Amino acid sequence: MGSWVQMDWIDEQLDKIKNRMKIGSLKRVLCIYIVITIFTVFAMYILTFLYCESWKLVVYEKYIADTKEADALVDIERLELKNSREMEIINGIQNYSIIIYSIIGIIAASNLFYKNTMKDPIRILKEEAAYISRNDLSVSCKYESGDEFGEVCQAFESMRLHLLRNNENMWSLMEGQRLLNAAFAHDIRTPLTVLQGYTDMIMKYYPKGKIDEEKLLNTIGLMQEEITRLREFTDTMKGLQDMEALQIKPSEKSFTHLVEKLDKTIEGVMKDHPIKFFIHSNIDSLREEDKKGYYDEAAILEVVSNLISNGCSYAKDMVEVYIEIEKTYLYVYVCDDGKGFSKKELYSALNPYYSSRDDGTGHFGIGLTICKILCEKHGGKITLSNSINQGAIVCASFRII
């Protein structure tokens, strides 16, 4: 029972030493292996040297006893030859044991160093590289160690997560592009169908003289309107794609300057809308060091002008804008006293080419989509909600640090 307890204690101590060696760098661990090997080789050599010395004493004593017992009849030359050969063997073991032990120690230390510090991380890295080469980013690269291999595995894991985020962004962009193309194809079908109908009518009835000149000119005028609508629609599509490639370039400016710019922008938008307008901000209550931030003025003005224009289109009597600075974000709330968003609008209004208007104004429903793109590129987002009293609330946020 005592021997088993002793073996368990030895195994426990070896595990502790192994875990401590995993914490250090490879250079430190290699030095430890070398030092242990040197002490082991030296100890083995000392033991071998002492054993050979005791062996020599045994040989000498045997030689002396043989010569005494044999008297003159003993072949002294044979005994001396035998003694000489044994002594050569003993001396050879003494002289060359240090070399043999050194070779064995180097081989053993190399194998142990590779097995305990390099084998597992190399296997993990090879497997991770194989997964990444197959574009499989679901397997994590984890190796719990404080040495250089642990750092390399952590770098592989960071690369895997970065590639995974890039793939997710790419898939999101591809899905967004697919939805955009589907919306474009769906909305362009109507004017194409109208043009096809007018063309078929002209081709069928004009050769037979069943369409007079006035009717023909009127039909051509309608066709021209549909062609103009198509041209505007494709220009809008191109503008939306250009917006996706837009780069936000923030620079440090005061928020007071931004509010002044917003006042001028709002004044221009409100000229065509005879409704009341109010703007509120918490900038005056901020500390001086918080009254500046990094933002793209053009992007924010574009978003706010779009939101105010939409608000004015649906408001009954009043539109209010609230500008708030909270930590690292700028929030702009645009509120109107209109009917608010329907359930479908809350879900779909940010999608491209969605519009609840049917007023023949040529509105293609991309205003909120453009605002969404600009907010996201500025590190924020846009949210839609309804007031508890009446009207719609649109909140646009922008990262300012």
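Biologist: What makes the contact between the side chains of K253 and E297 a salt bridge?

Modeller: This is a predicted model, to begin with. In it, the side chains of K253 and E297 come to 3.1 Å, N to O. A salt bridge needs a Lys or Arg side-chain nitrogen within 4 Å of an Asp or Glu carboxyl oxygen. The value of 3.1 Å is within that limit, so the pair counts as a salt bridge.

Biologist: Which parts of the chain does this pair link?

Modeller: Distant ones. K253 sits in strand β1, residues 251–254. E297 belongs to helix α7, residues 297–314. The two residues are 44 residues apart.

Biologist: Why is E297 called buried or exposed?

Modeller: E297 has a relative accessible area of 14%. Buried means under 20%. Therefore E297 is buried.

Biologist: And what about K253: why is it classed as buried, partly exposed or exposed?

Modeller: K253 has 28% relative accessibility. Partly exposed lies between the 20% and 50% cut-offs, so K253 is partly exposed.

Biologist: How do you know which class R287 and D290 belong to?

Modeller: Take R287 first. Its relative accessible area is 52%. Exposed means over 50%, so R287 is exposed. D290 has 28%. That falls between the cut-offs, so D290 is partly exposed. The side chains of R287 and D290 also meet in a salt bridge, at 3.0 Å from N to O.

Biologist: What makes R123 and D120 a pair?

Modeller: A salt bridge, with the closest N and O atoms 4.0 Å apart. Both residues lie in helix α3. They are three residues apart, about one turn of the helix.

Biologist: Why are R123 and D120 given their exposure class?

Modeller: R123 has 41% relative accessibility. D120 has 34%. Both values lie between 20% and 50%, so R123 and D120 are partly exposed.

Biologist: Which residues form a network of salt bridges?

Modeller: D120, R123 and E127 are linked in one. The structure holds eight salt bridges.

Biologist: Which residues make the nonpolar surface patch of about 610 Å²?

Modeller: Y96, I99, I100, I103, I104 and I107. One of them, I103, is placed in helix α3, residues 76–133.

Biologist: How do you know that I103 is open enough to count in the patch?

Modeller: Patch residues need over 30% relative accessible area. I103 has 48%, so I103 passes that cut-off. The value of 48% is between 20% and 50%, so I103 is called partly exposed.

Terms used
Residues are numbered from 1 along each chain as its sequence is written. This is a predicted model: local features need pLDDT of at least 70, side-chain atom pairs count only at pLDDT 80 or more; totals for chains, interfaces and linings use all residues. Side-chain values use heavy atoms; hydrogens and water are left out. Patches are made of residues with over 30% relative accessible area and no salt bridge: like charges are joined within 9 Å, nonpolar side chains (Val, Leu, Ile, Met, Phe, Trp, Tyr) within 5 Å. Accessible areas come from the Shrake-Rupley method with a 1.4 Å probe; for residues, only the protein chains shown count as cover. Helices (H or I, at least four residues) and strands (E, at least two) are DSSP runs, numbered from the N terminus. Buried means under 20% relative accessible area, exposed over 50%, partly exposed in between (1.4 Å probe, protein chains only).
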